[in-house]
Amino acid sequence: MKQQYLFILLTVLAINYSYCRTPNLPNLSDSLNSNISNNILRLSFILPGIIYEYGITNNKSIKAEFNITGFAYGYFIPQIQSEFRWYYNLRKRVENNKVIDNFSGNFVSFLMGYQFGSHLPPKSNEVYYVNLEDAIYIGPTWGFQRNEKIFHFELNLGMGYFILLESKEGKLSPLIDISVGVRIWKF
């Protein structure tokens with residue numbers, strides 16, 4: 001059953017990528033063309049992980065991320081997520097002489113992710129037992145990202161639908177992502 005959900009998630013990501021791939025918009029300034037359409041690899045420190053953002057047009061990108069969302073009883077809880085972003089205020093930022101390098105701007109996005117669960121064994125001297133399930137989540141978000149030289153800050157907020165794979169339970173929950181880190185490679 002887990003493989004089916006993972007297959008569905010990867011299929012949606014592939015379709016999303018194929019429909020998003022459009023040529024650069026001709027009516028945006030050269031500054032937009034030269035600064036937003038690049039690829040960046042970052043390290044995040046708040047939720048430790050690695051982030052890759054790929055510019056597909058002047059104001060659209062796809063972000064992929066692998067991070068650790070939590071820690072319970074000596075076990076890490078990893079997740080992967082992908083996000084299609086539309087940066088809507090780049091022209092205004094350029095007109096106001098603000099930086100748009102490395103995807104600095106405000107955006108709306110559609111986020112999809114997979115959180116790996118674990119069945120953490122109870123410890124012999126503790127009464128608590130944590131049962132974390134694998135989960136898939138999707139939802140729209142709004143956020144902003146700022147970059148200064150190699151440093152980066154991002155806040156991403158939205159509402160998502162989480163599907164717990166083992167109990168087949170679904171619930172609506174907030175999506176919150178805060179990232180502070182450094183750029184390790186730009187190409």
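Arginine 42 has arginine 183 as its bridge partner in strand 8. In this predicted model, that bridge belongs to the antiparallel pairing of strand 1 (residues 39-44) with strand 8, which extends over 5 bridges. Strand 8 also pairs with strand 7, again in the antiparallel sense, and here the pairing runs over 14 bridges. Within strand 8, serine 179 stands opposite glutamate 154. Strand 8 thus appears in two pairings, one with strand 1 and one with strand 7.

Strand 7 and strand 8 form a hairpin, with 4 residues between them. Lysine 168 lies in the loop that links strand 7 (151-164) to strand 8 (169-186). The phi angle of lysine 168, a residue other than glycine, is positive, with a value near 55 degrees. Negative phi values are found in most residues other than glycine. Lysine 168 counts as exposed because its relative accessibility, 53%, is over the 50% cut-off.

A positive phi is also found at asparagine 102, likewise a residue other than glycine, where the angle is near 55 degrees. Asparagine 102 is placed in the loop between helix 3 (90-95) and strand 5 (105-115). With a relative accessibility of 6%, asparagine 102 is classed as buried, because this value falls under the 20% limit. The two loop residues can therefore be set side by side: asparagine 102 is buried at 6%, whereas lysine 168 is exposed at 53%.

Glutamine 79 was examined next. This residue belongs to strand 4 (residues 75-87). Its relative accessible area is 8%, under the 20% limit, and glutamine 79 is therefore buried. When neighbours within four places in sequence are left aside, the residues in contact with glutamine 79 are Glu65, Phe66, Asn67, Thr69, Tyr114, Gln115, Phe116 and Tyr137. One of these contacts, with tyrosine 114, joins residues 35 positions apart in sequence. The C-alpha atoms of glutamine 79 and tyrosine 114 are 5.6 Å apart in space. Another residue in the list, tyrosine 137, takes part in a polar contact with glutamine 79, formed between the two side chains at 2.8 Å. The buried glutamine 79 thus has a side-chain polar contact with tyrosine 137.

Key
Residues numbered from 1 in each chain as written. Predicted model: local features only at pLDDT ≥ 70, side-chain atom pairs only at ≥ 80, totals over all residues. Heavy atoms only, no water. Buried < 20%, exposed > 50% of the residue type's maximum accessible area, 1.4 Å probe, protein only. Contact = heavy atoms within 4.5 Å. Polar contact = N/O pair within 3.5 Å; in protein donor to acceptor, adjacent residues only side chain to side chain. Pairing = 2+ DSSP bridges.
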